[in-house]
Amino acid sequence: MVKSEANTAVNLQSGTDISTSRLSYGQALNAALRQVMELDDSVFVYGLGVDGPPYLFGTTAGLLEQFGQKRVFDTPVSEQGLTAMGAGAATSGLRPVLVHQRLDFMVYTMDQLVNWMSLWHFKSATQSKMPITIRAIVGKNWGQGPQHAKSLHTWFAHIPGLQVVVPGSPAEAKGLLISAVLSNDPTVFIEPRALYAMEEEVPDHPYYIPLGKAGLRRPGKDLSLVTFGSMVPTAIQAASQLKKKGVDIEIVDLRTLMPLDLEAVLTSVKKTRRLVVAEPGWRMFGAAAEIVATVCEELGSKLVAAPRRVCWPHSHVPMSTPLETAYYPTAEDVVEGCLKVMGAGSNT
Amino acid sequence: MERAPLSDQETSPIVDFVKERADIYDLVIVCDFGHGLINNELNTALCEHAPYLAINAQSNSGNMGFNTITKYLRADYICIDEPEARLSVQDDFSEIETVVNDKLSREVDCPIHFCVGQEAAPAALSLLFHPEDIVMSHHRSHGYYLAKGAPLEAMVAEFYGKATGSNGGLAGSQELSYQPANFFSGTILSGMFAMATGGAFSQVYRGNDGLTVAVIGDGAMEEGIVYEALNIAAVFKLPVLFLCENNLYSGFTRIDRRAMSETIVGRVAPFGVKTELIDGNDAILLYDKFKEITASIRNGEGPFFVEVLTYRTRGHVGPEDDDIFDYRTPEELQKWLDRDPAQALRSVLLSRGVAEDVVTAIESETDAAVYRAIELAKQDPFPVFEDSLSYNWSNTYAPALSSLPEYLPVEFDGSQPETKLSPY
């Protein structure tokens, strides 16, 4: 477990007596929005479809009834205008939460994100804040095809001034969304749609997860598997399979690509001396490349095997079901990657 | 030869003489041999009052190189030799072209979009602003920055890239902002119309009677986000004054090469936004119109779009002028110079019986404030590079976060099937 410095840290495994509910990823997001709106009356939620059925896959259900139209409202189909509106509201003291049904639609808004919002705090010499959260859902399964299933997390992580959060399970989705909304920096909050129905016990009361602090999903001694987002369950499955083969891997869930918890990665790799990075995104110029490069720079001579990446092919997402199935890396692909690194180690 | 600064008693008659007489002449030539005659006060008087200022500032054995051209706040013409140029910028070895073009003339080293010729609209609005009002401006923004009550000294220091600048020297003229006065600029132009919808939304959300003024130029009206913003403001009935300064040029490209009409106002009305086309160089007319329009916006009657017809009489982006590029006719420029809004307002004031002394005093005070700001900015420190590296993220949170417990992860059942999507 990652040790927390906070006295009030909640740890379900420690047997702390707190009430929890079994929530899906989507329901956890809904709980986070409701609680953060209760905590801070400057939070408002807007975007296409947020105030009516089916409530963006349930994530905004009940908000209109509780908080009214002032704080929860539907909008014209104007991604750029709405992002800019959020920027204007954020620099004027509000905390907008904008929702995009697909991350791909955010490409319209790169001018706002890259040319204004990311540098707003910097170029004001810290006078102005930009506390906006942009929720973006990444499609997968059901033939989303090449245009509606991209995860451009590395684009956003490349820009100084933006935060990029990609939760990998329900309880984390809740805590990270509360942190993102209460953060004074602009945050792209990426939600893999494939995780939406997955469930876990989620504390009922509001809590936060620090941005920029990786989570240890599984302790292990043989190899560090660094991952995030939709590949967290895949990594956990791979760990079970590897355990049967006598390989004990450690899973580091980055949670946030920016800020990036390099310390957690380096601490883990120092112990295991082997690294695989599983990234739910294109292979070239990606987050995995950044992690591997940093580990090589800092610990290269201490590694017993060359690191490997398990990523999407450097190709667009195909629509046809058999091709789509073949496209995404599976637990078996992660196992194979890990075994290659283990094998390479035993040969040296 | 005596080499000592002038006493106050000696200074004042010379300064008075310059103030009284320099304006009368077309040309003032300063021969400064560096023995103490041209002190700060006389420097300021010359720079404020000489219509065309030509300066020869000598560095020689008598003043031991202490007298350099860089002490002057402005000059229209300078005459110095090569060693004097090198001394001024402390560079003995670079090519002389580098010394003159890149170093000597680059004290202000950022793009500056002067609003000379376009001052009337911000001046008129300055009398109508409330503190809670927000201004979101394009980068020809100096007039609006000052109109919103942001400090002149901080603006000039920003031009010089100094730590005391409105943006700590990190943004420059084209991205000025000043949060305490709710003044912002720095989207790529058309974006300010859209960002203003958020400022206005915050005013409705807070329930105050503030309004947001968004300013862009005619060129920016050709970008799509403008029409998203007009629609959003109309649908949500937001308190925005959309202001388009039509100065006929986007850079060097005239409006008749970019659009089918030389005016813009007709494009806006179909969005359900009230519109008005106003002479942008008539400060008094603008004040009367803006008074009515801002009252209606504050009254909750929804957004308003105003197109002001105006002209920039300096270059697109300076400090230098750009008429050598021959993109506009001298006749067109002269026509608008004859309609200079500041001069026009002066004439109106005099014709309405305001004493010339009073007008001149206002002009002198304004000039003096500008030169004082330049003098201060030159002395201010540059920002610290290492500090700037930490400015990208605030790494701060709303107070509510501190009341929450932190969550530590538990083992997650990763064997659950992925969600199979459906339309809803």
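These exercises walk through chains A and B of a predicted model.

Residues are numbered from 1 along each chain as its sequence is written, and chains are lettered from A and ligands numbered from 1 in the order in which they are written. In this predicted model, local features need pLDDT of at least 70, side-chain atom pairs count only at pLDDT 80 or more, and totals for chains, interfaces and linings use all residues, while side-chain values use heavy atoms, with hydrogens and water left out.

**Exercise 1. Describe chain B as a whole.**

Step 1. Count the elements. Chain B has 14 helices and 13 strands. Helices (H or I, at least four residues) and strands (E, at least two) are DSSP runs, numbered from the N terminus.

Step 2. Take the extent. Along the principal axes, the C-alpha atoms of chain B fill a box of roughly 95 × 65 × 40 Å.

Step 3. Check burial. Of the 424 residues in chain B, 50% are buried. Buried means under 20% relative accessible area, exposed over 50%, partly exposed in between (1.4 Å probe, protein chains only).

Step 4. Look at sequence separation. Take contacts (heavy atoms within 4.5 Å). Among those in chain B between residues at least 6 apart in sequence, 70% join residues at least 24 apart.

**Exercise 2. Work out how α2(B) meets α13(B).**

Step 1. Find the angle. Helix α2 (residues 40-49) of chain B and helix α13 (residues 356-379) of chain B have axes that come within 10 Å and cross at roughly 125 degrees. Axes are lines fitted to C-alpha atoms, for helices over the stretch in contact, and angles run from 0 to 180 degrees between N-to-C directions.

Step 2. Classify the angle. Under 35 degrees counts as roughly parallel, over 145 as roughly antiparallel, 65 to 115 as roughly perpendicular and the rest as oblique. α2(B) and α13(B) are therefore oblique to each other.

Step 3. Give the hand. The crossing of α2(B) past α13(B) is right-handed. A crossing is left-handed if the near helix is turned anticlockwise from the far one by less than a right angle, and right-handed if clockwise.

Step 4. List the residues. From α2(B) come Asn40(B), Thr44(B), Cys47(B) and Glu48(B); they meet Ser364(B), Asp367(B), Ala368(B), Tyr371(B) and Glu375(B) in α13(B). These residues divide into 3 nonpolar, 3 polar and 3 charged. Ala, Val, Leu, Ile, Met, Phe, Trp, Tyr, Cys and Pro count as nonpolar, Asp, Glu, Lys and Arg as charged, and the others, Gly among them, as polar.

**Exercise 3. Follow α8(B) across to chain A.**

Step 1. Find the partner. Helix α3 (residues 79-91) of chain A packs with α8(B) at about 45 degrees, their axes 6 Å apart. That makes α3(A) oblique to α8(B).

Step 2. Give the hand. α3(A) passes α8(B) in a right-handed crossing.

Step 3. Name the contacts. Gly81(A), Ala84(A) and Met85(A) are among the α3(A) residues; Ala194(B), Gly198(B) and Phe201(B) are among those they meet in α8(B). The contact of α3(A) with α8(B) divides into 7 nonpolar, 6 polar and no charged residues.

**Exercise 4. Trace aromatic pairs that involve α8(B).**

Step 1. Start with the total. Over all chains there are 25 aromatic pairs. Rings of Phe, Tyr and Trp (its six-membered ring) pair if their centres lie within 6.5 Å; planes under 30 degrees apart count as stacked, over 60 as edge-to-face and the rest as tilted.

Step 2. Take one pair. Phe193(B) and Phe305(B) are edge-to-face, 6.3 Å centre to centre, with 85 degrees between the planes. Phe193(B) lies in helix α8 (residues 191-206) of chain B and Phe305(B) in strand β12 (residues 304-309) of chain B, so the pair ties together parts 112 residues apart in sequence. Both Phe193(B) and Phe305(B) are buried.

Step 3. Take another. Phe201(B) and Tyr205(B) are tilted, 5.7 Å centre to centre, with 45 degrees between the planes. Both lie in helix α8 of chain B, 4 residues apart, about one turn of the helix.

Step 4. Widen the view. Ring pairs link Phe44(A), Tyr46(A), Phe73(A), Phe201(B), Tyr205(B) and Phe236(B) into a cluster.

**Exercise 5. Pick out unusual backbone geometry.**

Step 1. Recall the norm. Most residues other than glycine have a negative phi, and most peptide bonds are trans.

Step 2. Find cis bonds. One joins Pro53(A) and Pro54(A), with omega about 5 degrees. Another runs from Met258(A) to Pro259(A), with omega near 0 degrees.

Step 3. Find positive phi. Phe57(A) has a phi of about 60 degrees. At 18% relative accessibility, Phe57(A) counts as buried. Leu189(B) has a phi near 65 degrees. At 26% relative accessibility, Leu189(B) counts as partly exposed.
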